[in-house]
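Student: Could we go through this model together, one helix pair and one sheet at a time?

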Amino acid sequence: MDGQSGKTMQSLPDTLSSLKGFNKYLTPGWIESVSHILKELTPTKPHKVMEEDTQNVFECHDTELDIKVAKIQDEMVSLGAQLKQKTLQKRESLNNYLDLKGSIRVFCRMRPFNHEESYSSRTMFTLDESNVFLKVAETKTKQYKFDKVFDPCSTQGDVFSEVEPVIKSAIDGYNVCIFAYGQTGSGKTFTMEGKPKDLGVIPRGIQVLFDRASESNSRFQLTFSMLEIYMGNLRDLLVPGSKTNGLKNVPSLSIKTDPDGGIEIENLVAVTVNNFQEVKRLYGLGTRLRSTASTMANSTSSRSHW
Ligand SMILES: Nc1ncnc2c1ncn2[C@@H]1O[C@H](COP(=O)(O)OP(=O)(O)OP(=O)(O)O)[C@@H](O)[C@H]1O
């Protein structure tokens, strides 16, 4: 062991104590790495003198070092147990929260009027966070109730904060489906994809999944698939070579139900992804193959991607 490692070992307890203040370092991966380093550093052969440089020479006796290492190892075990406990508590409260909110929720987001629409009279308005009124005639309005209504001033962050717990629960083993529904130009792409500087549900959700997976005590393998349902057919948007072969040559997929009631899409490509950038690249690839990518049915549709 050289002088530098000797110094590192001596300052390790202080370094670890100061790191405890930064919660983000206390991930299972971090604890595992430090435990591994400690194991490596635990002296198996006696070593007597460690010197940093000619000016600063200090000794570190084996027993002293052993005690320090053992103390840190104990601390790591205790931190690991604390982290496990905290993760379980977090998971439990998230699931209770979702149970209270209900397993199927419908939100309504009203987008701001565009230039043409702003000249027409106001036909739709919100009363509170759950009700939308639609003016169907001069003296008649209809009321629609939702789990949550986002008015035209709502931000991408407002929308995501309602969806985020559901996305997080996927990491706890729940099946989650989030979809946007509405006529052309109503704001589905804006809400789901957003703009590069104003990200929507999909990019924010992907980031949260990776963050949550890295904080978890379990190991995860995340895969990415992308398909479209168009004219009654299911088409894989990640089939290699489908761009050069042309869309017509991409075979239609079939849905199978397994004996447990699970749904499986036969031969759907699933690519293992390790970070946000990898998903972004695949998403861009798949988006270019969407049938709707080439039909600009509505001139106000954004079709832009994060
Ligand atoms: N909440 C919002 N705030 C500001 N602009 C919005 C909002 N929602 C939608 N828009 C704008 O309205 C236009 C139409 O939205 P968008 O393209 O998302 O509709 P869409 O439902 O995805 O349409 P299509 O089904 O044709 O793809 C876009 O220019 C988009 O930027």
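What follows is a short conversation about a helix pair and a sheet in this predicted model.

Student: Is α4 parallel, perpendicular or oblique to α6?
Tutor: Happy to work that out with you. Helix α4 covers residues 156-171 and helix α6 covers residues 201-215, and they pack with their axes 9 Å apart at an angle of about 40°. Angles under 35 degrees would count as roughly parallel, and 65 to 115 as roughly perpendicular. The angle here therefore makes the relation of α4 to α6 oblique.

Student: Which hand does the crossing of α4 and α6 have?
Tutor: Let's keep to that helix pair, whose axes lie 9 Å apart. Where α4 passes α6, the crossing is right-handed.

Student: How many nonpolar residues does the contact of α4 with α6 have?
Tutor: On the α4 side, the residues include V159, F160, V163 and I167, and they meet residues of α6, among them V201, V208 and L209. Charged residues take part too, including E164 and K168 in α4 and R204 and R212 in α6. By class, the contact has four charged residues, one polar and, to answer you, ten nonpolar.

Student: Nice! Now the open sheet of three strands: which are its edge strands?
Tutor: The strand order is β4-β5-β6, and the pairing is antiparallel. An edge strand pairs on one side only, and that description fits β4 (124-126) and β6 (140-145).

Student: And what is the bridge partner of A137 in β6?
Tutor: Strand β5 spans residues 131-137 and pairs with β6 over six bridges in the antiparallel sense. For A137, the partner in β6 is K140.

Conventions. Residues numbered from 1 in each chain as written. Predicted model: local features only at pLDDT ≥ 70, side-chain atom pairs only at ≥ 80, totals over all residues. Axes fitted to C-alpha atoms, helices over the stretch in contact; angles between N-to-C directions. Helix = DSSP H or I, 4+ residues; strand = E, 2+ residues; numbered from the N terminus. Parallel < 35°, antiparallel > 145°, perpendicular 65-115°, else oblique. Left-handed = near helix turned anticlockwise from the far one by under 90°. Contact = placed C-beta atoms within 7 Å. Nonpolar A, V, L, I, M, F, W, Y, C, P; charged D, E, K, R; others polar. Pairing = 2+ DSSP bridges.
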